[in-house]
Amino acid sequence: MKQPDNHNSGQPRPDPPPDADKQPAVYDRFVEMSRGLFDKGQEKSAAAWEKSMELARDQLAKAGEFSAEQGEQFKDYLRRDLAQTMTDLQQLGETTKEHLHPARLGAGMLSSLAKLLHAAGSAMTSLSDKTEDMLEYKTGEITTAGTLTCKACGQQVHLKATSMIPPCPSCHATRYRKGY
């Protein structure tokens, strides 16, 4: 049994899985293969993306890169990372809308832009609502570069490359929210 760590209020830290240092690189290969398969396909939909991830998982599992279970976990991580990207795009859209003051634009262009932003905003809001629970990141998971903010104390952890998520360096909590 693992002994409690004196630095985190008696809570034992999770042991990293074997080959934990290789997992970020394997995840990157999985992401690239999934993207490549998706780009080669004719259909560009969520179902096509799921199929691309499944094919990449199958091929890498057969090649011995990871187990089928790990592949499923990588698919979950990628879905979560894509959901975070959609949230970031939604925020970008809202920021852009704020900067496009009506006095600066012609009425016809403004009308078209308003319709476009409304449609895009509605679609992104709907997607964001459906994926909100996937945006929580936990210690021991793998994620791409970005900034993780501890949900317990607000401490930020800056990841410069794909990495395994550590416990919070400040309070040793294990739940984060990711930003870029």
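Are Tyr27 and Tyr77 buried or exposed? Both Tyr27 and Tyr77 are buried. The legends below describe a predicted model.

**Figure 1. Overview of the chain with its four helices and six strands.** Counted from the N terminus, the order of elements is α-α-α-α-β-β-β-β-β-β. Of the 180 residues in the chain, 30% are buried. Among contacts with a separation of 6 or more, 57% are between residues 24 or more positions apart. The exposed area of the chain is about 11200 Å², and carbon and sulfur atoms supply 55% of this area.

**Figure 2. Close-up of the aromatic pair Tyr27 and Tyr77.** Seven aromatic pairs are found in a search of the whole structure. In one of them, Tyr27 and Tyr77 are arranged edge-to-face, with 6.1 Å centre to centre and 70° between the planes. The pair connects distant parts of the chain: Tyr27 belongs to helix α1 (residues 23-40) and Tyr77 to helix α3 (residues 68-99), 50 residues apart. Tyr77 has a relative accessibility of 4% and therefore counts as buried, the limit being under 20%.

**Figure 3. Close-up of the aromatic pair Phe74 and Tyr77 in helix α3.** The rings of Phe74 and Tyr77 are tilted, 6.3 Å centre to centre and with 40° between the planes. Along helix α3, Phe74 and Tyr77 are three residues apart, about one turn of the helix. Phe74 has a relative accessible area of 0%, so this residue is buried. Phe74 and Tyr77 belong to one aromatic cluster, together with Tyr27, Phe30 and Phe66.

**Figure 4. Close-up of Lys44 and the ring of Phe38.** The charged end of Lys44 is placed over the Phe38 ring, at 4.7 Å from the ring centre.

**Figure 5. Close-up of Pro169 in the loop between β5 and β6.** The loop that holds Pro169 runs between β5 (163-164) and β6 (175-179). Pro169 has a relative accessible area of 54% and is therefore exposed, for which the limit is over 50%. Leaving aside residues up to four places away in sequence, Pro169 touches Gln155, Val157 and Tyr176. A separation of 8.9 Å lies between the C-alpha atoms of Pro169 and Gln156, which are 13 residues apart along the chain.

Terms used: Residues are numbered from 1 along each chain as its sequence is written. This is a predicted model: local features need pLDDT of at least 70, side-chain atom pairs count only at pLDDT 80 or more; totals for chains, interfaces and linings use all residues. Side-chain values use heavy atoms; hydrogens and water are left out. Helices (H or I, at least four residues) and strands (E, at least two) are DSSP runs, numbered from the N terminus. Buried means under 20% relative accessible area, exposed over 50%, partly exposed in between (1.4 Å probe, protein chains only). Contact means heavy atoms within 4.5 Å. Rings of Phe, Tyr and Trp (its six-membered ring) pair if their centres lie within 6.5 Å; planes under 30 degrees apart count as stacked, over 60 as edge-to-face and the rest as tilted. A charge sits over a ring if NZ of Lys or CZ of Arg is within 6 Å of the ring centre and within 35 degrees of the ring normal. Accessible areas come from the Shrake-Rupley method with a 1.4 Å probe; for residues, only the protein chains shown count as cover.
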